[in-house]
Amino acid sequence: MKEVGHQVNSTGNSTFDIDVRCPVNIDFTQWFLPAFYLILSALGLLGNTLGLWTLCRSSWKNSWNSFNVLLCNLAIADLFYVITLPFFVSYYQLGHVWLFGQSWCKLTRLFFHVNLYASIGFLTCISVHRYLHIVHPMKMIGRCQTLGSAVFLSVLVWLWVMIQLSPDLTFNKMGLKPEKCHDTTEHKNVESYLLYFQILTVTGFAIPFFIVTGCYCHVVLVLRRNKNMDPSLKQKSIKLVIMVMTLFYVCFLPYHIFRNLNLLSRRWQRQGFCNQTLKNIYIFYQVTRVLASLNSVLNPLLYLLAREDLGVQLRKFGRSMRLSLKISFEGKVQPHLELRQSNIVLDKECEEILSSEL
């Protein structure tokens with residue numbers, strides 16, 4: 001292959017098949033992506049189901065509050081995505097062969113972005129909520145704390161996410177090859193998709209990213225200066241800051257950088273340029289997709305940090321499960337033990353009878 005700055009020989013048609021002219025080794029996706037998606041699917045389903053169940057259970061007992069509403073919506077956004085992961089395990093395991101039709105291809109790809117941008121939206125709301133409570137506690141008394149305001153804010157987040165993602169449904173995800181299911185679009189539409197995603201990056205990620213970063217920088221300063229705050233509350237707040245910032249810097253930021261770079265590299269490849277750097281961008285992009293998916297597994301940790309009683313309830317649930325399994329196991333083993341003991345007694349009686357006869 002020739003370096004960037006030299007064009008690959010082409011027919012002059014800008015829509016030549018990139019997969020043939022500038023092939024990328026995608027063998028790693030057949031073992032790397034299915035393995036990680038399978039693990040993420042199991043952990044995400046378990047963590048978010050338990051988290052949602054516990055949040056709802058505690059809220060019904062102690063009445064709902066605005067923070068619980070935001071956390072529950074975050075869990076729902078995660079469940080939307082993790083239920084689609086088994087389909088992608090099949091897709092990548094079969095060597096990029098999609099068996100479920102174009103409509104389901106569009107929906108499953110849509111659910112990934114619904115999870116991503118709904119998570120960003122609700123994490124931003126949670127961050128602003130914590131910021132106002134810590135930095136402006138007096139101004140927050142009686143404001144933005146009602147259940148109605150939290151429900152209204154959640155509806156706005158979902159509407160804004162769907163408005164941003166609705167253009168994605170207009171792009172062809174399969175192209176000329178019906179067995180493919182692109183996460184962006186076919187090669188000939190890459191220019192318009194790049195423009196769309198650049199706008200989405202600004203509205204869906206960059207603006208929330210700077211809001212969250214600004215809020216938590218101010219929160220950290222206030223926590224360091226405030227000597228009268230309860231140490232446990234301060235520690236809990238710092239953990240929440242670290243957790244949310246980790247999600248943004250590890251899960252969301254690399255994904256948006258390399259998704260834009262991947263679309264740019266595809267545009268350059270359509271123009272006839274090809275080298276190893278452009279191929280490596282695709283590989284790094286696939287890694288960042290896994291990092292972005294990781295948010296659905298890490299989000300349940302927020303439930304533990306945000307609610308003091310949630311960890312206690314989950315530990316109680318774990319103990320009850322272990323106790324029930326132990327009882328079930330003992331119930332199955334006990335008859336065998338009793339039968340074995342009776343056999344031993346019979347054997348001893350038989351030996352005594354034989355010895356007396358002798």
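Leaving aside neighbours within four places in sequence, which residues is Ser119 in contact with? Select Ser119 and keep that one in mind while we set the scene.

**Before you click**

This is a predicted model, in which local features need pLDDT of at least 70 and side-chain atom pairs count only at pLDDT 80 or more, while totals for chains, interfaces and linings use all residues. Residues are numbered from 1 along each chain as its sequence is written, and side-chain values use heavy atoms, with hydrogens and water left out.

**The whole chain**

Colour by secondary structure. You should get twelve helices and zero strands; here helices (H or I, at least four residues) and strands (E, at least two) are DSSP runs, numbered from the N terminus. Of the 358 residues of the protein, 45% count as buried, where buried means under 20% relative accessible area, exposed means over 50%, and partly exposed is in between (1.4 Å probe, protein chains only). Take the contacts between residues at least 6 apart in sequence: 82% of them join residues at least 24 apart. Contact, on this tour, means heavy atoms within 4.5 Å.

**The UniProt spans**

Next, select 35–55, 67–90, 110–132, 144–163, 193–219 and 240–258, which an unreviewed UniProt entry lists under "transmembrane region". UniProt positions are in the numbering used here, feature names are shortened, and annotations may be inferred rather than shown by experiment. Try two of these spans with the distance tool. Residues 110–132 are 100% helix and 0% strand, with end C-alpha atoms 33 Å apart. Residues 240–258 are also 100% helix and 0% strand, and there the end C-alpha atoms lie 27 Å apart.

**Back to Ser119**

Ser119 sits in helix α5 and is buried, with a relative accessible area of 0%. To answer the opening question, show Leu74, Ala77, Asp78, Val114, Phe252, Asn295 and Asn299 as sticks.

Hop across to Asn299, in helix α11 (residues 295–306). Asn299 also has 0% relative accessibility and counts as buried. Not counting residues up to four places away in sequence, Asn299 touches Leu74, Asp78, Ser119, Leu123 and Leu247. Now add Gly51: Asn299 and Gly51 are 248 residues apart in sequence, yet 9.5 Å apart in space, C-alpha to C-alpha.

**The nonpolar core**

Which three residues touch the most other members of the largest nonpolar core? Select Tyr37, Phe248 and Phe252, out of 81 residues in that core. A nonpolar core is a set of buried Ala, Val, Leu, Ile, Met, Phe, Trp, Tyr and Cys residues joined through side-chain atoms within 4.5 Å. Helix α5 (residues 101–135) gives the most to this core, with 15 residues. Zoom in on Tyr37: beyond four places in sequence, Tyr37 touches Tyr81, Leu85, Phe88, Val89, Tyr92, Arg289, Val290 and Ser293.

**Two helix pairs**

Show α8 (residues 190–225) and α9 (residues 231–270): they pack at an angle of about 160 degrees, with axes 10 Å apart. That makes α8 roughly antiparallel to α9. Axes are lines fitted to C-alpha atoms, for helices over the stretch in contact, and angles run from 0 to 180 degrees between N-to-C directions. Angles under 35 degrees count as roughly parallel, over 145 as roughly antiparallel, 65 to 115 as roughly perpendicular and the rest as oblique.

Swap α8 for α10. The α9 and α10 pair packs at about 150 degrees with axes 8 Å apart, and these helices are therefore roughly antiparallel to each other. Residues making the contact include Pro254, Tyr255 and Phe258 of α9, and Tyr285, Thr288 and Arg289 of α10.

Stop at Thr288, in helix α10 (residues 276–293). Thr288 counts as buried at 4% relative accessibility. Leaving out residues up to four places away in sequence, Thr288 touches Pro254, Tyr255 and Phe258.

**Two histidines to finish**

Is His218 buried or partly exposed? Find this residue in helix α8; at 33% relative accessibility, His218 counts as partly exposed. Setting aside residues up to four places away in sequence, His218 touches Tyr131 and Val135. His218 and Val135 are 83 residues apart in sequence and 7.7 Å apart in space, C-alpha to C-alpha.

Last stop: His96, in the loop between α4 (85–93) and α5. His96 counts as buried at 8% relative accessibility. Check its backbone too, since His96 has a positive phi of about 65 degrees although it is not a glycine.
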